[in-house]
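Here is a short briefing to keep beside the model while you look around. Take the topics in any order you like.

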Amino acid sequence: MAGIGIRLQKFYEKKSILAHLAGFGYSMVVTIAPMFLIIGNVMLMSAVLGYDTASYTRRGLFSSTLLYIFIFSLLTSSPFNGVLSRYLADVIYDEHYDDILPCFDVGILLNVLLSCGVGIPFCIWECVRGHVNPLFVFTGFCGFISLVFVFYAMLYLSVCKDYQKITLYFFIGMAAAFGLSLFFVKVCHRETVYSMLLSLTCGFFIIAVLELATVKQYFKKNSNHYRNVLSYFRKYWMLVVINILYILGLYIHNFVFWGSDMQMKVANSFVFAPAYDLATCLAMFTTISATIIFISHVEMYFHKRYKAYSEAVIGGRWEDIENTKTRMFRQLASELLNLVRVQFIISIGIYLFCIIVLPHMGVSGRSLQIYPCLAVGYFVLFLFYSEIVFLYYFNDLTGALLASSSFCVITFVISRMALGWDYMWYGLGVLAGSFVGFTIAYFRIRWAEKHMDEHIFCTGLLFPIKKGKKPDCVVYKKNSKEKGE
């Protein structure tokens, strides 16, 4: 996300409260605004179109379809994005821009194959076992594939530093979705629930088309070097596993409670736990500001220190290298501590708001009993995510793999154990898994600090490795005539 640093610098260099608020708002627009646009649009549709008048079964079918679309579009795209991001960074550094389209084509093919491999069998099951209208099922599947395209194209627009366009496209898509929902219900007099699903699918499709068209506009030359892209999956297989485990860890505790006595089944196909899922959503919103704070401060301060250290390694003196390395790790520690302090204050305020206000809005019972432990867990989870990003900076894939695998496994195990405990401890799996992952990542960062010189200067090769005939071991042979003389 190095592209937003320049814009943030313009905000923060004015050193006023208004400028800092503007910088915070800009960071929010380029990070989490798309998610809030979708949520706000669904809420607006529900209020205007009379969603509450629909039958309980239809509302459950719509909400579960939308939930599955989002969760599984993220899960099916997670194996590829890390490796593709690494490939993009390397070809851009080497200025081989014609290698970007092969990466784009290979990535989109892999995403579609995996998404269809997961989505089509589920849709068949939904039609046969759940007796859901095939048209409704097909519309949900189209929304799922469209959202897969949206998330995939966002990777390339981020490389192009077009964060504002991402938000703009989401705004256009959701505005179009809202307009279409009004047209379907008010003009065509179609059923509300299906009209909302069809409108959102059209909105996702519009966003995907705009994003993919922008990517094609930026990158027009194709080198057709597709094998180079595939070789990165073999070379950086750890990135594939890390992304799978981290994204799976985000939802695996939900999957555990979907199989408990809290579960609700819709159409014999969709399974979820409304009380636990609502508590998870509240906990995520309680700590979502950590993402904004982290990106803002990393862009403004740590990235500058990292760049100074890299430049010192390329052409500086040994003293410069040591000084910039010390400053870089001091800045890293400072950013983590600052994130903890600021996010703690924000989380306390949001937590008190939820506990006091939400019961008056009809949100109470199990959800609010589960919420406190989950809120603490997500607080640690976002700190853990920041450490994963720092490990990527130092190319410590082994440390990131250890941390993400521990996070996923501990979250699953403790969540399973918590099923037999009181409701207030249901979120302990997220808390324990995040804490273990955070601890491992922290010590790996400390290890990287101690072994940074070996990593930078001792991992290269003096001679390229290649297959062929072994060279002659004789380096120099004295001529016989020279010997007689």
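## A guided look at the model

Glu211 is found in helix α8. Please keep in mind that this is a predicted model. The protein has 485 residues, and 47% of them count as buried. Its secondary structure comprises 18 helices and two strands. Among contacts with a separation of 6 or more, 81% are between residues 24 or more positions apart.

**A buried acid in helix α8**

- Is Glu211 buried or exposed? Glu211 is buried, as its relative accessible area is 0%.
- Setting aside neighbours within four places in sequence, the contacts of Glu211 are Phe149, Val150, Ala153, Met154, Leu157, Ile166, Tyr169 and Phe170.

**Salt bridges**

- How many salt bridges does the structure hold? There are three, and each is described below.
- Glu191 and Arg58 pair through their side chains, with 2.8 Å from N to O. Glu191 sits in the loop between α7 (163-187) and α8 (192-218), while Arg58 belongs to helix α4 (residues 56-93), so this salt bridge ties together parts that are 133 residues apart in sequence.
- Both ends of that pair have some accessibility: Glu191 is partly exposed at 34% relative accessibility, and Arg58 is partly exposed at 25%.
- Lys216 and Asp105 form another salt bridge, at 3.9 Å from N to O. Because Lys216 lies in helix α8 and Asp105 in helix α5 (residues 100-128), the pair ties together parts that are 111 residues apart in sequence.
- Lys216 counts as partly exposed, with 41% relative accessibility, and Asp105 is partly exposed too, with a relative accessible area of 24%.
- Arg444 and Asp396 meet through their side chains at 2.8 Å, N to O. Here Arg444 comes from helix α16 (residues 428-450) and Asp396 from the loop between α14 (366-393) and α15 (397-418); the pair links distant parts of the chain, 48 residues apart.
- Are Arg444 and Asp396 buried or exposed? Both are buried.

**Aromatic rings and charges over them**

- Across the whole structure, a search finds 22 aromatic pairs.
- One aromatic cluster is formed by Tyr68, Phe72, Phe122, Phe255, Trp258 and Phe270.
- Arg444, already met in a salt bridge with Asp396, also has its charged end over the ring of Trp447, 4.4 Å from the ring centre.
- Which residue lies over the face of Tyr232? That residue is Lys235, at 5.9 Å from the ring centre.

**Nonpolar core**

- As general background, nonpolar side chains tend to be buried together in soluble globular proteins.
- In this model, the largest nonpolar core has 118 residues. The residues with the most contacts inside this core are Phe62, Leu84, Tyr156 and Tyr276.
- Which helix gives the most to this core? Helix α6 (residues 134-159) does, with 14 residues.
- Tyr276 is worth a click: leaving out residues up to four places away in sequence, Tyr276 touches His253, Asn254, Phe257, Met262, Ile370, Leu374, Tyr426, Gly427 and Val430.

**Thr65 in helix α4**

- Thr65 lies in helix α4, the helix that also holds Arg58.
- With 6% relative accessibility, Thr65 counts as buried.
- Beyond residues up to four places away in sequence, Thr65 touches Phe136, Gly140, Leu197 and Phe270. Phe270 is also one of the members of the aromatic cluster named above.

**Cysteines**

- How many disulfides are there? The count comes to zero.
- Why does Cys116 not bond to Cys123? Cys123 has the closest cysteine sulfur to that of Cys116, but the two are 9.5 Å apart, which is too far for a bond. For this count, the sulfur atoms would have to lie within 2.5 Å.
- Cys116 is partly exposed, at 22% relative accessibility.
- Cys373, by contrast, counts as buried, at 10% relative accessibility.

Notes. Residues numbered from 1 in each chain as written. Predicted model: local features only at pLDDT ≥ 70, side-chain atom pairs only at ≥ 80, totals over all residues. Heavy atoms only, no water. Salt bridge = Lys/Arg side-chain N within 4 Å of Asp/Glu carboxyl O. Helix = DSSP H or I, 4+ residues; strand = E, 2+ residues; numbered from the N terminus. Buried < 20%, exposed > 50% of the residue type's maximum accessible area, 1.4 Å probe, protein only. Phe/Tyr/Trp six-rings, centres within 6.5 Å; stacked < 30°, edge-to-face > 60°. Lys NZ or Arg CZ within 6 Å of the ring centre and 35° of its normal. Contact = heavy atoms within 4.5 Å. Core = buried A, V, L, I, M, F, W, Y, C linked by side-chain atoms within 4.5 Å.
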